[in-house]
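Biologist: I would like to learn how to read strands, sheets and helix packing in a model of this kind. Could we go through it one feature at a time?

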Amino acid sequence: MGFDRGFIDFKRIEPKHQPVEERIKHFNEFISTLSDADAKVQAGRCMDCGIPFCSHACPLHNVMPEINQAACEGRFEKAYTLLEGSNNFPEITGRICPALCEEGCTLSLTDKAVGIKSVERKLADFAFEHGLVKARKAVKPSGKKVGIVGSGPSALVCAQELARLGHQVTVFEKNDSAGGLLRYGIPDFKLQKGIIDRRIRQLEQEGVSFKLCTQVGSTEALEAGVHSDAQHFVSADEMLAAFDAVVLCPGSEVPRDLPLEGRNLPGIYFALDFLIAQNRENNGAGLNPIDVKGLDVVVIGGGETASDCIGTAIRKGAASVTQLDYHEKLPEHVEPFDNFPYWKAKFRTSTSQEEGCTRLFACNTEKFCGKDKLTGVDTCQVKWGPGRKITKLDGTAGHVKADIALIAMGYAHPSATLAKAFALETDKRGNLKAELSGPNAYRTSNPKVFAAGDGRRGQSLVVYAMKEGRDCAQAVHQSLCAVKSE
């Protein structure tokens, strides 16, 4: 159980963060990887509590007690081997996952949880530094071809698993680089893109082919807010003819809009318009056309995308950043057993919010103001009631000055053009319809077409997308093997 008295004698060690005044001057990662000594101590706090709620709470079900035991003994190679058995890209989840596993840590009931996320990142970085991450090619090719649409986390994991099972895999990505929202949605200060590049190289060495700037399904224009660098187009019929199975992992890309009075004023953008342009700028592809320097910025939304907009706007020199969150402020403290071992609904502050923004809660956006360009946003306070009913409170009208408004209210569904092109059923929200389990797991209404990730389940976390990619690969493999045996 780690160190005999580890959970008693040692406190949680947080990874070092660069001070706010320094990190807002650049777009590099500012959270450090644990040292060898700190990683051993952190892992040694694990109680090996008998019922690993941490493993249960993690969608990937990483065997954290065994991983922590090896890590605290300094056997980092062994620990990484255990970790990669369930997690294809731990260096990514070790950076951007909210750490559902730590919510299920038994130690969190009386103390701070074991820093599972920081240990995971340490093991992954150690593995790369010491040449432990190698291409694993299939022993015997299956003779089957699989085409995967999209290149986000679910697509990349699915591609790797299928390639290792011997199938010939081709990934189609409509933008100019692979990675999906890992590449263009998440800022560099949270995830440097070189981390994605080295995994792409590994997949290529394992036999995965990438077709970039290639849009599958239709040549028609995509919905507003959905980005594409497509120069080549492949029809659904061509995909079905060329591959033994097709997997759709488009993500949930269509942003939720806010069709209020003044919505068409210059200065109002979807969050990804801003974030994608900044990631491209960081990669040397020209300046971000949404210039916020010296301007008052309003970010509408309360999730991670909104937080990413805040951190990016601050680094770009915004005069002020105000976040409008129509949810009520959550309590700062909750009972340890509340919802254990699952995610607790409590007040949290992201690293971007720490860097300097005004947060307004239970605040509804009523109107975009301005004549020739945006000058502000009218608001009012709301009260949440049973059944998520929202009531506007009289006498609470307000106004927030804004030169730029970024709509970061999440994503509704994948582009409808894909389902239309393949003639697939969708659920009531517009997601690709496919069961999660059973004999037809991940299979759409077309038996040759599978779906996984946010495009199937709706917007979610990277760790869930990776889990679906792994499970979908197994479903596809079983289907191909069944066809072969017939």
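Biologist: How many residues lie between β13 and β14 in their hairpin, and which residue in the turn has a positive phi?

Modeller: First, a caution on the source: this is a predicted model, in which local features need pLDDT of at least 70 and side-chain atom pairs count only at pLDDT 80 or more, while totals for chains, interfaces and linings use all residues. Residues are numbered from 1 along each chain as its sequence is written, and side-chain values use heavy atoms, with hydrogens and water left out. As for terms, helices (H or I, at least four residues) and strands (E, at least two) are DSSP runs numbered from the N terminus, and two strands pair if DSSP finds at least two bridges between them. In this case three residues separate β13 and β14 in the hairpin, and G387 in the turn has a positive phi of about 70 degrees.

Biologist: Which strands pair with β13, and in what sense?

Modeller: Strand β13 (residues 374–385) pairs with β12 (residues 363–370) in the antiparallel sense over seven bridges, and these two strands form a hairpin with three residues between them. Antiparallel pairing over four bridges also joins β13 to β15 (residues 398–401), and β13 to β14 (residues 389–392), again over four bridges. Individual bridges can be followed by residue: N364 is opposite C380, V377 has V400 of β15 as its bridge partner, and K383 is opposite T391 of β14.

Biologist: In what order do the strands of the open sheet that contains β1 run, and why is one side of β3 and of β18 left without a neighbour?

Modeller: Five strands with parallel pairing make up this open sheet, in the order β3-β2-β1-β6-β18. Because β3 (209–211) and β18 (449–451) stand at the edges, each has a single partner strand and is without a neighbour in the sheet on one side. From one strand to the next the twist averages 20 degrees. Between β2 (residues 168–172) and β3 the parallel pairing extends over three bridges, and F210 in β3 is the bridge partner of V171.

Biologist: Which helix lies across β1, β2, β3 and β6, and at what angle to β1 does it run?

Modeller: Axes are lines fitted to C-alpha atoms, for helices over the stretch in contact, and angles run from 0 to 180 degrees between N-to-C directions; contact means heavy atoms within 4.5 Å. Here helix α10 (residues 153–164) lies across those four strands, running at about 170 degrees to β1.

Biologist: How do α5 and α9 cross?

Modeller: The axes of α5 (residues 64–72) and α9 (residues 116–129) come within 11 Å and cross at roughly 60 degrees. Angles under 35 degrees count as roughly parallel, over 145 as roughly antiparallel, 65 to 115 as roughly perpendicular and the rest as oblique, and α5 and α9 are therefore oblique to each other. M64, I67, N68 and A71 of α5 make the contact with I116, V119 and L123 of α9.

Biologist: Is T444 buried or exposed?

Modeller: Buried means under 20% relative accessible area, exposed over 50%, and partly exposed in between, using a 1.4 Å probe and protein chains only. T444, in the loop between α17 (416–422) and β18, is buried, with a relative accessible area of 8%. Not counting residues up to four places away in sequence, T444 touches L424, K433, A434, V449, F450 and A451. The side chain of T444 also reaches the backbone oxygen of V449 at 2.8 Å.

Note on methods. A polar contact is a pair of N or O atoms within 3.5 Å; within protein, one must be able to donate a hydrogen and the other to accept it, and residues adjacent in sequence count only if both atoms are side-chain atoms.
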